[in-house]
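Hi everyone, thanks for making room for me today. I'd like to walk you through a structure, so please have the viewer open.

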Amino acid sequence: MMDWMVIYKTAEGVESRVELRAATVPNLRAVAWHVIMNAYHQKPPRPLGNLSAEQWLEACEIELVDLVLLRQKSRSSFS
């Protein structure tokens, strides 16, 4: 598993960060879900419904700034 940091901006221009864990590079839908849930304290102003991740981010006025790999958990085996 890998730990990722997503940096995003709200409509007010406030830059925030949220961490997420994924086995590979997270897809945009997963990133959008984590960011919007974090930005709106688990209560997004618009439901995802049929919207694409890009449309959902736009409707919630969230701009993704960066996705950074923080650390990769190595699979170590003990004998």
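I'll start with the chain overall and then visit a few residues one by one.

First, a word of caution: what you are looking at is a predicted model. The protein chain has 79 residues, and 32% of them count as buried. Its secondary structure comes to two helices and three strands, and if you follow the sequence, the pattern reads β-β-α-α-β. For those of you setting up a box, the C-alpha trace spans about 50 × 25 × 20 Å along its principal axes.

Two more global numbers, since I know somebody will ask. The accessible surface of the protein chain is about 5,600 Å², and 50% of that belongs to carbon and sulfur atoms. On the charge side, there are 9 positive and 9 negative side chains, with the centres of the two sets 10 Å apart. And for the contact-map fans: among contacts with a separation of 6 or more, 48% are between residues 24 or more positions apart.

Now let's go to helix 1, residues 28–39. It has 12 residues and reaches 16 Å from its first C-alpha to its last, close to the 16 Å expected at 1.5 Å a residue. Which residues of helix 1 are buried? They are Val-31, Ala-32, Val-35, Ile-36, Met-37 and Ala-39. As a reminder, an α-helix has 3.6 residues a turn, so residues three or four places apart point the same way. Keep that in mind when you look at the list. What do these buried residues pack against? Their partners are strand 1, strand 2 (15–22), helix 2 (53–59) and strand 3 (63–72).

Both ends of this helix are worth a look. At the N-terminal end, Asn-27 acts as a cap: one of its side-chain oxygens lies 3.1 Å from the backbone nitrogen of Arg-29. At the other end, helix 1 is followed by His-41, whose phi is positive, near 50°.

Let me stay with that for a moment. Most residues other than glycine have a negative phi. His-41 is not a glycine, yet its phi is about 50°. Gln-42 also has a positive phi, near 70°, and is likewise a residue other than glycine. Where are they? His-41 sits in the loop between helix 1 and helix 2, and Gln-42 is in the loop between helix 1 and helix 2 as well. Are they buried or exposed? His-41 counts as exposed because its relative accessible area, 66%, is over the 50% cut-off. Gln-42 is exposed too, at 57%.

In that loop you will also find Pro-45, between helix 1 and helix 2. Pro-45 and Cys-60 are 15 residues apart in sequence, but 6.6 Å apart in space, C-alpha to C-alpha. Setting aside residues up to four places away, Pro-45 touches Tyr-40 and Cys-60.

Moving on to helix 2, please click on Leu-57, which is found there. Leu-57 is buried, at 7% relative accessible area. Leaving out neighbours within four places in sequence, Leu-57 is in contact with Leu-28, Ala-32, Ile-36, Ile-62 and Leu-64. Two of those names, Ala-32 and Ile-36, were on our list of buried residues in helix 1. For a pair on another scale, Leu-57 and Leu-20 are 37 residues apart in sequence and 17 Å apart in space, C-alpha to C-alpha.

Next, Asp-3 in strand 1, which covers residues 2–9. Here is a question for you: is Asp-3 buried or exposed? Asp-3 counts as buried because its relative accessibility of 4% is under 20%. So what does its side chain do in there? The Asp-3 side chain makes a polar contact with the side chain of Arg-21, at 2.7 Å. Apart from residues up to four places away, Asp-3 touches Leu-20, Arg-21, Val-68, Leu-69, Leu-70, Arg-71 and Lys-73.

My last stop is Thr-10, in the loop between strand 1 and strand 2. Thr-10 has a relative accessibility of 18%, so by the under-20% cut-off this loop residue counts as buried. Beyond its neighbours within four places in sequence, Thr-10 is in contact with Glu-61 and Ile-62. Ile-62, you may recall, is also among the contacts of Leu-57.

That's my tour. Thanks for listening, and I'm happy to take questions.

Note on methods:
Residues are numbered from 1 along each chain as its sequence is written. This is a predicted model: local features need pLDDT of at least 70, side-chain atom pairs count only at pLDDT 80 or more; totals for chains, interfaces and linings use all residues. Side-chain values use heavy atoms; hydrogens and water are left out. Helices (H or I, at least four residues) and strands (E, at least two) are DSSP runs, numbered from the N terminus. Buried means under 20% relative accessible area, exposed over 50%, partly exposed in between (1.4 Å probe, protein chains only). A polar contact is a pair of N or O atoms within 3.5 Å; within protein, one must be able to donate a hydrogen and the other to accept it, and residues adjacent in sequence count only if both atoms are side-chain atoms. Contact means heavy atoms within 4.5 Å. Accessible areas come from the Shrake-Rupley method with a 1.4 Å probe; for residues, only the protein chains shown count as cover. Lys and Arg count as positive and Asp and Glu as negative; His and the chain ends are not counted. The place of a charge is taken as NZ of Lys, CZ of Arg, CG of Asp or CD of Glu. The expected span of a helix is 1.5 Å times one less than its number of residues.
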